Amino acid sequence: LVSPSPSDEARFDSYLAKGQKVAFYGRKKFVDAYDAYNRKFCAANKLDYVNITDAMRSYSPLKDLYVSDGVHLSDLGGILVSDEILKYFAKEFK
């Protein structure tokens with residue numbers, strides 16, 4: 001299972017502050033709760049878990065990992081996520 005990707009929360013907050021209506025997935029507290037649930041589920045069911053959440057959050061600026069809508073991955077975001085998945089495969093299938 002692959003962990004959830006965090007959204008650029010500041011981008012959405014700026015839209016909301018301007019009164020713009022936006023569909024917003026990825027508020028930190030919800031991503032953290034979903035991630036925690038997934039980790040427990042994987043541990044209980046002996047499933048592997050690929051953590052992209054921390055890798056994405058450690059990248060700065062986070063907004064560069066997304067296209068202008070703040071939801072879909074940019075080329076850079078896609079590369080970061082695919083690198084994390086490839087690291088998992090390299091470790092598991094040497």
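1. Contact here means heavy atoms within 4.5 Å. With that in hand, let us start at Arg-11 in this predicted model. Once its neighbours within four places in sequence are set aside, Arg-11 is in contact with Lys-63, Val-67, Ser-68, Asp-69 and Gly-70. Arg-11 itself sits in helix H1, which covers residues 9–17.

2. Is Arg-11 buried or exposed? Its relative accessible area is 15%, and buried means under 20%, so Arg-11 counts as buried. The side chain also has a polar partner: one of its polar atoms lies 2.8 Å from the backbone oxygen of Ser-68. Ser-68 is also one of the residues in the contact list of Arg-11.

3. Glu-9 is another residue of helix H1 worth a look. Its side chain makes a polar contact with the side chain of Arg-27, at 2.6 Å. The C-alpha atoms of Glu-9 and Lys-63 are separated by 9.0 Å, although the two residues are 54 residues apart along the chain. Lys-63 appears among the contacts of Arg-11 as well.

4. Next comes helix H2, residues 28–44. Its 17 residues should span 24 Å at 1.5 Å a residue, and the end C-alpha atoms are indeed 24 Å apart, so the two values agree. Which residues of H2 are buried? They are Val-31, Asp-35, Asn-38 and Cys-42. Viewed down the axis of H2, the buried residues fall within an arc of 65 degrees, and therefore they line one face of the helix. A general point helps here: an α-helix has 3.6 residues a turn, so residues three or four places apart point the same way.

5. The other side of H2 has a contrasting list. Lys-29, Phe-30, Tyr-37, Lys-40, Ala-43 and Ala-44 are exposed there. As for the buried residues of H2, what covers them includes helix H3, residues 53–57.

6. Two backbone details deserve a friendly flag. Most residues other than glycine have a negative phi, and most peptide bonds are trans. Lys-46, which follows H2, has a positive phi near 55 degrees and is not a glycine. Lys-46 lies in the loop between H2 and H3, and its relative accessibility of 77% is why it counts as exposed. The second detail is the peptide bond from Ser-60 to Pro-61, which is cis, with omega near 0 degrees. Pro-61 is found in the loop between H3 and H4.

7. Helix H4 runs over residues 75–92. Its 18 residues reach 26 Å from the first C-alpha to the last, close to the 26 Å expected at 1.5 Å a residue. Gly-77, Leu-80, Val-81, Glu-84 and Tyr-88 are its buried residues. Seen down the axis of H4, these residues fall within an arc of 90 degrees, so they line one face of the helix. Asp-75 and Leu-86 are exposed on the other side of H4.

8. What do the buried residues of H4 pack against? They pack against H3. For a view from one residue, try Ala-55: leaving aside neighbours within four places in sequence, Ala-55 is in contact with Leu-80 and Glu-84. Both Leu-80 and Glu-84 are on the buried list of H4.

9. The largest nonpolar core is a good place to turn next. It has ten residues: Val-50, Ile-52, Ala-55, Met-56, Leu-62, Leu-65, Tyr-66, Leu-80, Val-81 and Tyr-88. H3 and H4 each supply at least two residues of this core. H4 gives the most to the core, with three residues.

10. Last, the aromatic rings. How many aromatic pairs does a search of the whole structure find? It finds three. A pair of aromatic rings is described by the distance of the centres and the angle of the planes. For Phe-89 and Phe-93, the ring centres are 5.9 Å apart and the planes are at 35 degrees, so this pair is tilted. Phe-89 has 41% relative accessibility and therefore counts as partly exposed, whereas Phe-93, at 59%, counts as exposed. Together with Tyr-88, Phe-89 and Phe-93 form one aromatic cluster. Tyr-88 is also a member of the largest nonpolar core.

Definitions and conventions. Residues are numbered from 1 along each chain as its sequence is written. This is a predicted model: local features need pLDDT of at least 70, side-chain atom pairs count only at pLDDT 80 or more; totals for chains, interfaces and linings use all residues. Side-chain values use heavy atoms; hydrogens and water are left out. Helices (H or I, at least four residues) and strands (E, at least two) are DSSP runs, numbered from the N terminus. Buried means under 20% relative accessible area, exposed over 50%, partly exposed in between (1.4 Å probe, protein chains only). A polar contact is a pair of N or O atoms within 3.5 Å; within protein, one must be able to donate a hydrogen and the other to accept it, and residues adjacent in sequence count only if both atoms are side-chain atoms. The expected span of a helix is 1.5 Å times one less than its number of residues. The arc is that of the directions from the helix axis to the C-beta atoms. Rings of Phe, Tyr and Trp (its six-membered ring) pair if their centres lie within 6.5 Å; planes under 30 degrees apart count as stacked, over 60 as edge-to-face and the rest as tilted. A nonpolar core is a set of buried Ala, Val, Leu, Ile, Met, Phe, Trp, Tyr and Cys residues joined through side-chain atoms within 4.5 Å.
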